[in-house]
Amino acid sequence: MKGFSKIALALALTLSLAGFAHARDQIRIVGSSTVYPFSSAVAEEFGAINAQFKSPVVESTGSGGGHKLFMAGVGPETPDITNSSRRMKKSELETNIKNGVTEVTEAKIGFDGIVIAQNIGNADLDLSLKELALAVLEEVPADGKLVPNPYKTWKDINPNLPDRKIVIYGPPATSGTRDAFVEMVVEVFTAKDETFNAVLGKDASKYKKIRQDGPYVPAGENDNLIVQKLTKDTEAVGIFGYSFLSENKDQIKGCPVGGVAPTFDNISGGKYPISRSLFFYIKNAHIGKIPGLKEYVELFMSENMIGENGYLKTIGLIPLPAAEREQVRKDVTGFKKLALEDLK
């Protein structure tokens, strides 16, 4: 039976690849809303300088949603690239392989900060990682036990913070930005907190339940909508990638985290505490089958795009160090296969 399954999978893969020539002549890209502006900028430039190819179609589906679409299989009905504001999980690569997507290349394009932002007219709001965690957790420590989150205002959490209602427009559960925020804020707090450790033991560091009683508002995969909400709701703060702050500094401003402002220099210098790497993943079986895919990848990884003086830096991407950038470029344009042992 197992042998039959392998034969069936191989046959399905062959039929899918055979249909490429007539099925699609345009690159399809899905995934992260954070990587979306960078991918869209490259797609626009690609269309402008390559008259022989159609401009790629880029969809913002969230990192989790993009990986799900990407790993469905090989063939023209599946995406060629998925953008991701977190690294691919080992379980996701295993699913890719199971579904016939046996050759995947990982492209690390740079860094990004996860920004806590608010209306530009507000007084400054400096929040610690602990205060952010206490604002979003479903349960919080009280008198040696975990209780449903009672905090309604920032002052409830810390008397030195303003008496201002907690309203946080943030990414949904499918978002890589939310995954990264939970890992770098929520799990950092729960791993160190005495009550979480006393109650949950070794599972304390894995606690990631976000409250659903109103203060945290999942705002979809379009981060521009969060920006628009902040321009009207002066009580609220929003969570999104640095590029959206960089592009809207006339309307919103970043909140320092632990006294460190979310600036380009602080993120690139490693001072800002909530920062992460950005990626996209390529389905290598589609190279040579989808017109322009190889050329799009080469353009994205070029110095003109991700370099120290590249265009993507002007819209918020934090470039990789020069030596790492050169090595990543070599691996990506050579379509190096991502291996299971490369991932946690």
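The largest pocket of this predicted model lies between two domains, because both give residues to its lining. Domain 1 spans 28-111 + 276-342, and domain 2 covers 113-275.

Start with the volume of the largest pocket: about 740 Å³. Its lining counts 24 residues. Closest to the centre are Arg86, Arg87, Lys89, Asp179 and Glu183. Three elements each give two or more residues to this lining: helix H5 (90-98), helix H8 (176-192) and strand E11 (275-283). H8 supplies the largest share, with 7 residues.

What is the chemical make-up of that lining, in nonpolar, polar and charged residues? Charged residues number 13, nonpolar residues 8 and polar residues 3.

Now turn to the second largest pocket. Its space is about 230 Å³. Here 13 residues form the lining, and those closest to the centre are Arg87, Glu106, Asp331, Lys336 and Leu338. Arg87 is thus listed for this centre and also among the residues closest to the centre of the largest pocket.

Which elements give two or more residues to the lining of the second largest pocket? They are strand E4 (104-119) and helix H16 (322-333). H16 gives the most, 5 residues. By residue class, the lining of the second largest pocket holds 8 charged, 3 nonpolar and 2 polar residues.

Note on methods:
Residues numbered from 1 in each chain as written. Predicted model: local features only at pLDDT ≥ 70, side-chain atom pairs only at ≥ 80, totals over all residues. Heavy atoms only, no water. 1 Å grid on protein atoms, 1.4 Å probe; cavity = no way out; pocket = protein on both sides within 12 Å on 5 of 7 lines; lining within 4 Å. Points joined across faces, edges and corners; volume = space filled by probe spheres on them. Helix = DSSP H or I, 4+ residues; strand = E, 2+ residues; numbered from the N terminus. Nonpolar A, V, L, I, M, F, W, Y, C, P; charged D, E, K, R; others polar. Domains from an automatic or database assignment.
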